[in-house]
Structure formats: structure tokens, C-alpha cells
Amino acid sequence: MQKRTTYALTVNPRIPERLVRLEELANNLWYSWDRATRALFSRLDARLWEAVEHNPKAFLKRVDESLLIAAAEDPTFLSNYNSVLSAFDSYHSEPARHQAIPGIGARDQIAYFCFEFGFHESLPVYSGGLGILAGDHCKAASDVCLPFVAVGLLYRQGYFFQTIDGQGNQQATHTDWDFDDLPVIPVLQEDGTEVRVSVNFPGRAVAIKVWRAQIGHVPLYLLDTDIPENSQRDRLITYQLYGGDPAMRIEQELILGVGGVEALKAMNIKPTVWHSNEGHAAFMMLARARDLVREGLDFPSALEAVAVKTVFTTHTAVPAGHDHFPEAMMQQYFESFYHELGITRETFMALGCTADNHDFNMTALAIRMSRMHNGVSKIHCGVSAQICRDFWPQIEPEENPIDYITNGVHIPTFLAQEWVDLFDRQLSPEWRNKLCDGEFWASIKKIPDHVFWSIRQTLKSQMFYGIRARLTEQNIRNHGSDAHLDRLLKFADPINPNVLTLGFARRFATYKRATLLFENLDWLREILLDPERPVLLIFAGKAHPADLPGQELIRRVSEVAAMPEFVGRILLVEGYDLRLARRLVAGVDVWLNSPIYPLEASGTSGMKAGINGSLNLSILDGWWGEGFDGTNGWGIKPVAQDVDPKMRDAEESRSFYEILQDQVITLYYDRGKSGYSTGWVKKAKHSMISLLPRYGARRMVDEYIQKFYIRASEQGLRYENDGYAVAKEVADWKTKVLSAWGGVNIRRLDSPSQQLSFGEPIHFKVAVQLNGLQPEDVFVELLISRQYNQTRLDRFKHFRFECTGKLGAEEHQFELTHAPVLCGRQQYYLRVYPCHPMLVHSLEMGLMLWV
Ligand SMILES: *Cc1c(COP(=O)(O)O)cnc(C)c1O
């Protein structure tokens, strides 16, 4: 072909005056949970709406002007438009934000940093669970009018789009997004120019442009290095999410952490609480410490002042999953930085050190520079406490300061429209304000069974429509015949959605064991192929492009799905994203999860399924370990952790088969005269009633506020008053304690009696060698508990000793009189640990001695 030049031309429709606020709607991710707003756009031009992947901003740039003009004259459209706007306005005019939450004051501002954010498919800066959780956190913060800003990166390509070829190979395709099409706008200064900040890299400064996305009340600031001021290489830093080599990763984390702090300063935002969601953003703590050192604090005081206001949430259940960088790389990027902190290389590197690896570990940094740390489920809390035990070397993991807040999902986003409409009609529109009210949700019982069942069927139908479209596209691309397509879609029939449908969709990471149900294919055949009671199994999910074992799992699913007897009964749907997720979690009858215990930190997709009336069948790990109540789904107790992995998989898959055959399938197909299973409806209702109030993001954000944000803000203020007097005092005190602790000793002076009558007190007396510390620098404690048998104890009760004077030159005497309040065999311990009234957690120093 002859060489020819391509010219580009953009024609912008002019939005009629009457509809001008469509632009405002398109620029606020409120639409990511307000379906009426999305429906408004789709009504204008449904095909275009599909073509732009449900992106209102891209839509408005492309919609035919004639359609807009017609809509501006169409009474029905105008009435929809006005009702959307009035809902929008009433949401955004809620009470002055600081008045909304007791304990949160006018000066408060929470800054939430995360590597990825998932709100909606139209802002592709997320890969999976972590990002969607962060998105849900922002949405719930907006719902409660929390003074909250979020900080992340604006990736030119975001994460990849997945297709799967005929052999089951995952193909990753990338799109360079035009930011004008995304719901983001550049942040401007007062003089109308764009905000720019910069971060020093070895031998250069990297400039950052700041964008803003609006999530209801909450602004999200997204940092972007793809600007002309930067070298070609540096422009690529914010190119891909989870792409690139370790150098690229450390650069991204510098942009997010250090650049994020600079950006907030440039916009005159002064957070009182800083939350690092995962360790990727932990450099933010160093940047803040550097600012304090510049104000004249020494580093230890700056560290205390920073840490007291900092919340760190860990989401990873394996040490290898925590980000870490080689020391040489840290040296390269931070050499001038640690000079600016006024500390030596050794002190600096020690901030990121762990016992088992020489690398600089981001979790280690985050733990050392925060005072509030949490895992994301009860089980994960225990796992994290074990992983992090070395940070508090003398403290038993059960007692160390790692807490937990179980994840939640944003209900307005993930609850299907059919439920929304039904709740509005049958419960009351008030349900939106009762999200955490267990009693309120009990009224789901009142929904007539046939109505409940028919909503479930409708949602399944809609899901079938959705996946048929995707499978059709997939089949054409992979050169499948029409006849094959018919077979493929035989059971996913929207007209007859009566087949029991199981769903498994999530990241294809090996620990999630997507192929566990293939352990025994004969058994699986028996289950899926029953002519009377057929079962459909749907898979979806991406594997990271560098995760070859994960991609192998996709191949295996594809291979089994292609076995002649399974065609149409096992479906593998490509391109898992928020849109497909919303459909699947609402549409399937049973949501499966089969992680290797205890590696599923929380998991959230099962919550999304649960609130929509799907039943969970899952290993008791992550959130399900606490969400399962015995009857709201099915739980599989993991086998002991020391069992050989092959045995474990065999045992656990057997439980899946048995529960499916004996309970799930039997119950689902127990159709009465009415044509549906009343037992199933009962179980599904109970599941919704038990999960809706407990696994919403609202409950989660409330917990963050109550457990952490209020305290961090108050303690932060105490530490910084009077020129950071308390921060300095605590830092000095810790230095003193650390140097003295090696010489501290405790011994018992009284002779313990082993038999006692009830009411009779024991007089405890110990001598503590304080090695220069003062008696008020330590707590001496009795821990006592009743013992039922060899293994079972009550919770320990704690009683504090008092110092009753000196004992010679070296020791102090501490005494306690205690009459046990319970009868029977008791167990007790005596211990001493350093304590200061200004600590956030009484054991935060990690030091303790037992008698
Ligand atoms: C909810 C969600 C996830 C997280 O699922 P897990 O159960 O935590 O694995 C991942 N991807 C998408 C698109 C989701 O909506």
C-alpha cells in the first residue's frame, strides 16, 4: 500500500444547556454505585455505552449531538435526569463533614494511600482484590462524610486486559489510556496552572503531575510522571500497574510515598491521620519524618511523631508476598535521603530489616513507622502476628500489637439493582441508613419465598446473558464453529435458568487452587453430569503475566472445560473485571473458594456473593472463617497444616464433592409443588441476613474510625503539642529503656503456696533489678487464669504490682495482694515490661521478662 498520513480530528458534541450537568455526573465516581446515573447514559445510546465500556466521560465525548438535543426535549429523559440530579445533590449536601462523626473534629483529615484503586471499570487503575477494597473504603468514607482524601498512581496502561485463546493460553493486552477519557481532571493551582511536585531520584528530579478523581465526597489524587518535563525513561514510571522490574517498582513506590506527601503539601492538605493500605506506600512515612527533621526534630523523635499518626494495614499472608528491595538498590535511591534524616546508613537500613532476609522490607518499615497495624480477618491477624513476631521480640505473638479489621464490601456498588428495588418496596428506602443494623435485616425473612426465588432466577438470567456475550466473542476469536458455540452455551440459558450454577472467579494465584475440583475427575463427572440435576461450573480470573504457574491453572481449566463431556458444563470466561464480577457474584447460586489455609488473608468476592443471596461453599479461611455460622452456607474445615500437600488436596477436594453431592445439589433440586426449593430459599435468606450487616464496607470503615483514626488523631495531637514535647519524651524514654533493658532482671521473693481456701489472699513479692530505670518505667504484672483441663484456659486476667521500696542498692521491691476470684485449678505468671503512659500500645517496645 502507498504510504499515507493519518490525521486525527476530534469533534466534541455541544451539550445542550438543559443537560449540562451530565458532565458533572460523568466526573464523579458516584456513578460507580448509583445505577440510575449509569442507566441515564445508557438510555441516551445503549450501543455507544457498551462500546465505551460504561465510561460516562468517554461517552459524552462521542455521543451524537442530535441524540442530546432530542433528549433535552424528551420529558421522560428529563424527568430521569432531574431525579438523578436531585439524588446527587442531596448526597453531596450532607451535613458539614466534621459534624457527622463523633470523635472526628474539624481539623481532622485522613489520608489513605494505596497502590491501586478499583471503583468501576471506567477507571482502570486496579488489578484485583486490594484495589477494589481500597475503592470500597473510599466509597464508604464518602457515605459517612468522613474527612478523607486518597492518594494513588495514575497508570497510563493500568492493568492488562485478558483474553484466552483456544489452548487456554492467557493473552495480556494493554491499552494506552487517554486520560481525557477517564473521570479525572488535572489539579490546578490558584493561578490556574497545573500542580507540579517533584521527587529526587539519583542524579535527577522526577516531576509529577497531580490529577483528581472525585468519589462522592472523597477526592482521590492520582500521581502521573508521564509528562514532558521528564526523560523518556521516567515518563514510564507510572506506566503499568504491577509491571516492570524491581527498579521500576521502587520508583513507583517513591512516587506514591514521597510524591504523595509532596502533593498533599502542595495542595495545602494537612492530614492528621495517615493510612498506608499495604506496604507499597510506606515511603510516605519516611517523607513525613524528613519534613519533621527539617523542622528541627531529631530522627527518633520524628519517627515517634510520624508513627503515632500512622495506620498500616497488611493484606499478605506469606512473608514472600511482602515487597522488599535489595540493600544496594536502597542505597542508590536513598543515599541523600538518609543524610537528610540525619541518620547513618546502618540506622536507615535497620528500619527495613527482617530476621530472615537481607533485603529492605516494606512491611518492616511500615510496622516500625506506624503504631496501629492490622490484618484483614481474625485468622489473618494470627498469621500476621506470627510473621511479624520479630518486631516485638520478647512478646508472644498473641499479645503483640497487630490487630485486625475484617474487610467489607461497598453494598450499594455490589448489591444488584433487583435487590435495591425490592428493598425499597418491601423493607423501606431507609435500608440505606441501616446497613449495619442486624435487626433491620432480619426483615428479609418477610420477603415471600417465591419473590426471593424469582429474583435469584432473574439475576442468574442476567449473568447468563452477560457471559454468553463474552463467550461468543471468545469463540469467534478462537475460530470456534457455531455448532460448538451452541454446545458451549447449552446450559447457560437465560430463558431457563434452572441449572444449579457454581462460580469461581478471582485471581489465578496458585494458593487459591482454582483446579481443586479437578482432583478427581470421575467424581466431578458424576456430580456435573447427572441428567436430572445438572450442575454448571463457571470460572473467570486473571493471572499476573509473570505468574507462570497461575497461567498454567488457566490452561488446566480450559483443558478440562474442553473435554467433550464437560463442554457447556464448565465455562471459562475471559476478561475478569469489576463488571463481570458484579454479574457473577449476583448471578451464581453458589460461590466457591478453595484457598490453602491460612493464605487467604480475607477474600471479598464471597461477601459480594453473600449479600446477593448466593451461598458460599468455601474452606474456612479468611473472612469465611468468621462469617460462616454453621447454616449460612457451607464451610470446609482445613486439614492440619502439617499434612502433605497432596493428601491435603485430596482430603479437601473430597469434602467439596461430598458437600456438593449430599447437601448442595440435594437441597437445590428439592423443588416442591411451587417449582422452587423452600429449603434453599431459607438458607439463602439466612445467609443474606447474617452477612449483609457484617460484611459491608460501612462496618469496616466504622471500625477503622473507632479503633484507629480517632485515636491516631488524638495521640498525634498530644505528641506534637509544645514543639513535639511528647514525641521527644517518648523517643528519649525508648532510647533509655533500650540501653538499660539488657541488665533488667526479675526474681520472686515470696514462697509460693499451692493450696488456698476461697477468699484467702496471696501476697506476691518480687525483686526487680531496674538497671538505672525508674520503678514507674515498668509494669510488673500477675497474669492469672482458671484451668479447665490440660489445654483449656480462661482468658488471663491482669493485675498490677506496686513498687514498695528499694531492696539494697540494685533492686526494687514490687508487691501485690490478690485473692483469686474463682475456684479450682489456676495458672499464673509474673512478668515485667517497660511502660510509658504516652504509648499507643502498652507492649509496643516489644520487651518483656518473665519470672
Ligand atoms: C472482589 C473482587 C476481587 C477480590 O476477590 P477475592 O475473593 O478477594 O479473591 C478480585 N477481582 C474483582 C474484579 C473483584 O470484584
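Gly260 counts as buried in this predicted model, because its relative accessibility is 0%, and buried means under 20%. You can find Gly260 in helix α9, which covers residues 246-266. Leaving out residues up to four places away in sequence, Gly260 touches Phe113, Val151, Leu223 and Ile255. Now look for Val210: although the two positions lie 50 residues apart along the chain count, the C-alpha atoms of Gly260 and Val210 are separated by 9.2 Å.

**The domains**

Let's step back to the whole chain. The chain is divided into domain 1 (17-92), domain 2 (108-163 + 173-408), domain 3 (486-699) and domain 4 (736-850). Between domain 2 and domain 3, the centres are 34 Å apart, taken over C-alpha atoms. The two domains also meet: 31 residues of domain 2 are in contact with 32 residues of domain 3.

**The ligand**

Where does the ligand lie relative to domain 2 and domain 3? Both domains give residues to the shell around the ligand, so the ligand lies between them. In that shell there are 13 residues, and the closest are Ile132, Lys512, Thr604, Ser605 and Lys608. Sorted by class, the shell has four nonpolar, five polar and four charged residues. Three helices each supply at least two residues of the shell: α7 (129-143), α23 (578-587) and α24 (605-611).

Some side chains come within polar-contact distance of oxygen atoms of the ligand, as this table shows.

| Residue | Side-chain atom | Distance to a ligand oxygen atom |
|---|---|---|
| Lys512 | polar atom | 2.8 Å |
| Ser605 | N or O atom | 2.4 Å |
| Lys608 | N or O atom | 2.5 Å |

How much of the ligand does the protein bury? Taken alone, the ligand exposes 390 Å², and the protein buries 94% of that.

**A buried lysine**

Finally, turn to Lys685, which sits in helix α27 (residues 678-691). Is Lys685 buried or exposed? Lys685 is buried, because its relative accessible area is 6%, and the cut-off for buried is under 20%. The side chain of Lys685 has a partner, too: a polar contact of 2.8 Å links it to the side chain of Asp449. Setting aside neighbours within four places in sequence, Lys685 is in contact with Ile444, Lys445, Ile447, Pro448, Asp449 and Phe452. Asp449 therefore appears in both the polar contact and the contact list of Lys685.

Methods
Residues are numbered from 1 along each chain as its sequence is written. This is a predicted model: local features need pLDDT of at least 70, side-chain atom pairs count only at pLDDT 80 or more; totals for chains, interfaces and linings use all residues. Side-chain values use heavy atoms; hydrogens and water are left out. A residue is near a molecule or strand if one of its heavy atoms lies within 4 Å of it. A polar contact is a pair of N or O atoms within 3.5 Å; within protein, one must be able to donate a hydrogen and the other to accept it, and residues adjacent in sequence count only if both atoms are side-chain atoms. Accessible areas come from the Shrake-Rupley method with a 1.4 Å probe; for residues, only the protein chains shown count as cover. Helices (H or I, at least four residues) and strands (E, at least two) are DSSP runs, numbered from the N terminus. Ala, Val, Leu, Ile, Met, Phe, Trp, Tyr, Cys and Pro count as nonpolar, Asp, Glu, Lys and Arg as charged, and the others, Gly among them, as polar. Domain bounds come from an automatic or database domain assignment. Buried means under 20% relative accessible area, exposed over 50%, partly exposed in between (1.4 Å probe, protein chains only). Contact means heavy atoms within 4.5 Å.
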